[in-house]
Amino acid sequence: MSIAPIVHVALLPSAGMGHLTPFLRLAALLVHHHCQVTLIIPHPTVSKAESELLSRFHSSFPQVNQVQFHLLPSDSSTSNTSTDPFFLRFAAIRSSCHLLSPLLASVSPPLSAFVYDMTLISPVLPIANTLGVPHYILFTSSATMFSFFSYFPTLAASASFPDVDVVEIPGVSAMPRSSIPPLLFIPYSIYCNLFMEDSPKLANLHGVLINTFEGLEAQSLEALNGGKVVKELPPVYAVGPFVPCEFEKEDQRGEPLKWLDDQPSGSVVYVSFGSRTAMGRDQIREIGYGLVRSGYRFLWVVKDKKLDKEEEEGLDGVLGAELEERIKEKGIVVKEWVDQREILGHKAVGGFVSHCGWNSLIEAAWHGVPIMGWPQIGDQKINAEAVSKRGWGMWKKDWGWEGERVVKGEEIGEAIKEIMNNESLMIKAAEVKEDAKLAISKGGGYEVAIQTLIEEWRKNVKNI
């Protein structure tokens, strides 16, 4: 009796929890489908949270081979165009990619496929081509954002781009200038360079994996795979929703979850702006006043430093003693990492004030939690619009990007009341939850996409 050959897939994430987490969930998914997985980890990581997540992953999946990818020191010319530690790490990984060849050649058995981060197309492409196996990117944002990314060369070639008011993505939607990431209008910024260099090369990939599903982004997926956005695009595989895994769970239930256990069903608004959005003290305090004014119970994750390694000051210093005292009447505030998947899945949570990072939105979709979007940077306005279009969330378009203005507590309080009292959002969120469950059920889109990919990769298993 012949034994089916083992498919061996290498995965290469980039910097930050928003890029690492989906790669680890993909790794777990592939292990469950009997693939052998090698995880190539850029070293050192940027944040403490990344290191801790990798450690927990290794404990849960010791069969996954973890290979350290030691990065070259950052180029000083890069640091002149950005101070963001995550963008600087993107640049460091890109400039070190020529060191990947011996790492990839040394893994055993030989690779059947290679999946790398969306921020690494240009430097990894020549290396991936020499492997002689199918290679893909994992696009760690929405299909709607990918439609913008893939259409960008056409847009940038237009003489009107710098002054554009509205961008029409064929088959997808019209995007106002205010939703386009501002860094794309800054020539030679790391973000702009990444778009300019990488998006024209998408046709050289064997495919694009996106953590999304038909019930969430049907129009964008149909336009991408139907050749409406760009004719020569490779296949786009909707491999979501990535379900949060056991390795992400803390050993013990922390104070936030214990507090939620004592709250009525649907009574709590959860507020978090992700792993890398740091707000100024003035804005943080206005959020606090807004939460108090809303009258709702709340669980609020406060972050005032981009890097968790630099978080030293306690809540009293960030909030001020008076506000901290007022907050205790209705809510709980934490300044450390929380188990977001358990919070969003808790019966007490009835709404989510989110920066609209894609991982957070997919987690909210999985649990059917309505969204009050407050986009801060990058892809987040485009993601927020995808949520609004589907009907399970809303966002305030006049609040601007991170740091453009201080949104006052009165506005924030009213917006929270609006989402927590909106029955239509609750109904739509429940529908999205059902669509997410359907996607991963037997015969669902997620299962079909994964099986299609694995069968394709099996053709490339080397006979040894």
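Two rings of Phe, Tyr or Trp, the last taken by its six-membered ring, are called a pair if their centres lie within 6.5 Å. With that in mind, I turn to the structure before us, which is a predicted model.

Ring pairs join Phe139, Phe146, Phe148, Phe149, Phe152, Phe161, Phe185, Tyr191 and Phe195 into a cluster. The structure as a whole holds 17 aromatic pairs. One of them is formed by Phe152 and Phe195, whose centres are 5.3 Å apart with 80° between the planes, an edge-to-face arrangement. This pair links distant parts of the chain: Phe152 belongs to helix 7, residues 143-157, and Phe195 to helix 8, residues 190-198, with the two positions 43 residues apart in numbering.

Are these two rings buried or exposed? Phe152 has a relative accessible area of 1% and is therefore buried, the limit being under 20%. Phe195 is buried as well, at 3% relative accessibility.

Phe195 also has a partner in Tyr191; their centres are 5.1 Å apart and their planes meet at 40°, so this pair is classed as tilted. Both residues lie in helix 8, four residues apart, or about one turn of the helix. Tyr191, at 14% relative accessibility, counts as buried.

Let me add the charged groups. Which residue lies over the face of Phe185? It is Arg177, at 4.0 Å from the ring centre. Phe185 is itself a member of the cluster I described. Elsewhere, the charged end of Lys437 sits over the ring of Trp366, at 3.6 Å from the centre of that ring.

I come now to the sheet. Six strands form an open sheet in the order 12-11-10-13-14-15, and their pairing is parallel. Strand 12, residues 331-334, and strand 15, residues 393-395, are the edge strands, each pairing on one side only. From one strand to the next, the twist averages 15°.

Within this sheet, strand 13, residues 349-354, and strand 14, residues 371-373, run parallel and are joined by three bridges. Val353 stands opposite Met372 of strand 14.

Finally, what lies across strand 13 and strand 14? Helix 15, residues 358-367, does, and its direction is at about 165° to strand 13. Helix 16, residues 380-390, packs on the sheet too, where it touches strand 14 and strand 15. The direction of helix 16 makes about 135° with that of strand 15.

Methods:
Residues are numbered from 1 along each chain as its sequence is written. This is a predicted model: local features need pLDDT of at least 70, side-chain atom pairs count only at pLDDT 80 or more; totals for chains, interfaces and linings use all residues. Side-chain values use heavy atoms; hydrogens and water are left out. Rings of Phe, Tyr and Trp (its six-membered ring) pair if their centres lie within 6.5 Å; planes under 30 degrees apart count as stacked, over 60 as edge-to-face and the rest as tilted. Buried means under 20% relative accessible area, exposed over 50%, partly exposed in between (1.4 Å probe, protein chains only). A charge sits over a ring if NZ of Lys or CZ of Arg is within 6 Å of the ring centre and within 35 degrees of the ring normal. Two strands pair if DSSP finds at least two bridges between them. Axes are lines fitted to C-alpha atoms, for helices over the stretch in contact, and angles run from 0 to 180 degrees between N-to-C directions. Contact means heavy atoms within 4.5 Å.
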